[in-house]
Amino acid sequence: MVKHTFTVFIEKDEDGIFVASVPALKGCHTQAKTMDELLVRIQEVIELCLEADKDELCFNQFVGVQQVEIQV
């Protein structure tokens, strides 16, 4: 069994729902009403994505997140 570590992006939408996505796995995303529920769900989705597309892994190195302010 191989151990992997994935970067997970978590956002909160306008309705207060948490949304998680894993850039290294195509189509790997989920949502939940609470952070605890979200973390359980994203682990399940990661496992499913790994079973389906082991050859599609993209191990980019996470560098950071930057907010950019633009006045329109």
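A contact here means heavy atoms within 4.5 Å. With that in hand, here are the views of this predicted model.

**View 1. The whole chain, with its contacts across the sequence.** Take the contacts between residues at least 6 apart in sequence: 27% of them join residues at least 24 apart. Going from the N terminus, you meet the elements in the order β-β-β-α, which makes three strands and one helix in the chain.

**View 2. The chain in its box.** Along the principal axes, the C-alpha atoms fill a box of roughly 50 × 25 × 15 Å. The radius of gyration comes out at 14 Å, while a compact globule of 72 residues would sit near 11 Å.

**View 3. Surface and charges.** About 6400 Å² of the chain is exposed, and carbon and sulfur atoms supply 50% of that area. As for burial, 22% of the 72 residues make the cut. Counting charged side chains gives 13 negative and 6 positive, with the centres of the two sets 4 Å apart.

**View 4. Close-up on Cys-28 and Cys-49.** What is the disulfide count of the structure? It is zero. Cys-28 is in no disulfide, and its nearest cysteine sulfur belongs to Cys-49, 3.7 Å away. Why is there no bond for Cys-49? Its sulfur is 3.7 Å from the closest cysteine sulfur, the one in Cys-28, and that is too far for a bond, because a disulfide needs the two sulfur atoms within 2.5 Å. Are these two cysteines buried or exposed? Cys-28 is buried, at a relative accessible area of 2%, and Cys-49 also counts as buried, at 15% relative accessibility.

**View 5. Close-up on Gln-31 and its neighbours.** Gln-31 lies in strand E3, which covers residues 29-32. Which residues does Gln-31 touch, leaving out those up to four places away in sequence? On one side of the sequence there are Ile-17, Phe-18 and Val-19, and on the other Leu-38 and Arg-41. Even with these contacts, Gln-31 stays partly exposed, with a relative accessible area of 45%.

**View 6. From Gln-31 out to Gln-67.** This view pairs the strand residue Gln-31 with Gln-67, 36 residues away along the chain. How far apart are their C-alpha atoms? The separation is 23 Å. For scale, the box that holds the C-alpha atoms of the chain is roughly 50 × 25 × 15 Å.

Conventions:
Residues are numbered from 1 along each chain as its sequence is written. This is a predicted model: local features need pLDDT of at least 70, side-chain atom pairs count only at pLDDT 80 or more; totals for chains, interfaces and linings use all residues. Side-chain values use heavy atoms; hydrogens and water are left out. Helices (H or I, at least four residues) and strands (E, at least two) are DSSP runs, numbered from the N terminus. The radius of gyration is taken over C-alpha atoms; the globule rule is 2.2 Å times the number of residues to the power 0.38. Buried means under 20% relative accessible area, exposed over 50%, partly exposed in between (1.4 Å probe, protein chains only). Accessible areas come from the Shrake-Rupley method with a 1.4 Å probe; for residues, only the protein chains shown count as cover. Lys and Arg count as positive and Asp and Glu as negative; His and the chain ends are not counted. The place of a charge is taken as NZ of Lys, CZ of Arg, CG of Asp or CD of Glu.
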